[in-house]
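Student: Please take a close look at one part of this model for me. I would like the nonpolar core, with its surroundings.

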Amino acid sequence: MTTRAKAKTGIHEAVYETASDLHRLGFIDKRKMSRFDVLCLDPVPQYDASKIRALRDHLQLSQSVFAAVLNTSLSTVRKWEVGDKHPSGPSLKLLNLLDRKGLEALT
């Protein structure tokens with residue numbers, strides 16, 4: 001990997017550093033190294049209705065444009081904002097990316 005993952009604890013840091021050294025020396029392949037990278041990722045936070053609405057308002061997007069940016073339907077965004085549905089999987093990851101990096105990260 002080109003970027004170093006941030007370890008959660010001292011134990012994670014030690015295991016990750018050892019795995020990185022083994023990868024650099026050719027004892028661990030890229031696929032196995034990516035598993036260590038995933039273990040060090042921070043969990044994606046949950047987004048409730050008010051947080052989704054606040055994010056959309058911060059980005060100054062209408063519901064339809066927000067839906068297009070996330071590649072989802074307008075009705076889904078509406079249901080998220082009233083609390084009838086909750087984002088998960090790729091949508092949750094995209095919301096987090098928008099929240100952290102802004103609209104430029106997805107356009």
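Tutor: What follows goes from the whole chain to the core, and then out to the loops and the end of the chain.

The model is predicted. The chain holds six helices and zero strands. Read from the N terminus, its elements run α-α-α-α-α-α. The overall form is extended relative to a simple rule: a compact globule of 107 residues would have a radius of gyration near 13 Å, but this chain has 18 Å. Along the principal axes, the C-alpha atoms fill a box of roughly 50 × 25 × 20 Å. Buried residues make up 29% of the 107. The accessible surface comes to about 7300 Å². Carbon and sulfur atoms account for 55% of that surface. Among contacts with a separation of 6 or more, 49% join residues 24 or more positions apart.

Now the core itself. The largest nonpolar core has 13 residues. Phe-66 and Leu-95 touch the most other members. Four helices each supply at least two residues to this core: α3 (49–59), α4 (63–70), α5 (74–82) and α6 (89–101). A separate core also exists, of five residues. Tyr-16, Ala-19, Ile-28 and Cys-40 are among them.

Take Leu-95 in detail. Neighbours within four places in sequence are set aside here. Leu-95 is then in contact with Tyr-47, Ile-52 and Leu-55. Its contacts also include Phe-66, Leu-70, Trp-80 and Pro-87. Phe-66, the other residue with the most core partners, is thus named among the contacts of Leu-95.

Next, the aromatic side chains. How many aromatic pairs does a search of the whole structure find? The count is zero. Tyr-47, in contact with Leu-95, does have a charged partner: Lys-51 lies over the face of its ring. The distance from the ring centre is 4.6 Å.

Glu-81 deserves its own look. This residue is found in helix α5, one of the helices that supply the largest core. Is Glu-81 buried or exposed? Its relative accessible area is 12%, under the 20% cut-off, so Glu-81 counts as buried. Its contacts, not counting residues up to four places away in sequence, are Ala-49, Ile-52, Arg-53, Arg-56 and Gln-63. Two arginines, Arg-53 and Arg-56, are therefore on the contact list of this buried glutamate. Ile-52 links the two descriptions: Glu-81 touches Ile-52, and Leu-95 is in contact with Ile-52 as well.

Now outward, to the loops. Gln-60 lies in the loop between α3 and α4. Its phi is near 55°, a positive value in a residue other than glycine. Gln-60 has 72% relative accessibility, over the 50% cut-off, so this residue counts as exposed. Asn-71 sits in the loop between α4 and α5. Here too phi is positive in a residue other than glycine, near 55°. Asn-71 is exposed, at 72% relative accessibility.

Last, the end of the chain. Thr-107 is placed in the segment after α6. With a relative accessible area of 72%, Thr-107 is exposed. Leu-92 is 15 residues from Thr-107 along the chain. Their C-alpha atoms are separated by 17 Å.

To recap the part you asked about: the largest nonpolar core has 13 residues, with Phe-66 and Leu-95 touching the most other members. Helices α3, α4, α5 and α6 each supply at least two of its residues.

How values were computed:
Residues numbered from 1 in each chain as written. Predicted model: local features only at pLDDT ≥ 70, side-chain atom pairs only at ≥ 80, totals over all residues. Heavy atoms only, no water. Phe/Tyr/Trp six-rings, centres within 6.5 Å; stacked < 30°, edge-to-face > 60°. Lys NZ or Arg CZ within 6 Å of the ring centre and 35° of its normal. Core = buried A, V, L, I, M, F, W, Y, C linked by side-chain atoms within 4.5 Å. Buried < 20%, exposed > 50% of the residue type's maximum accessible area, 1.4 Å probe, protein only. Contact = heavy atoms within 4.5 Å. Rg over C-alpha atoms; globule rule 2.2 N^0.38 Å. Areas by Shrake-Rupley, 256 points an atom, 1.4 Å probe, with all protein chains shown as cover.
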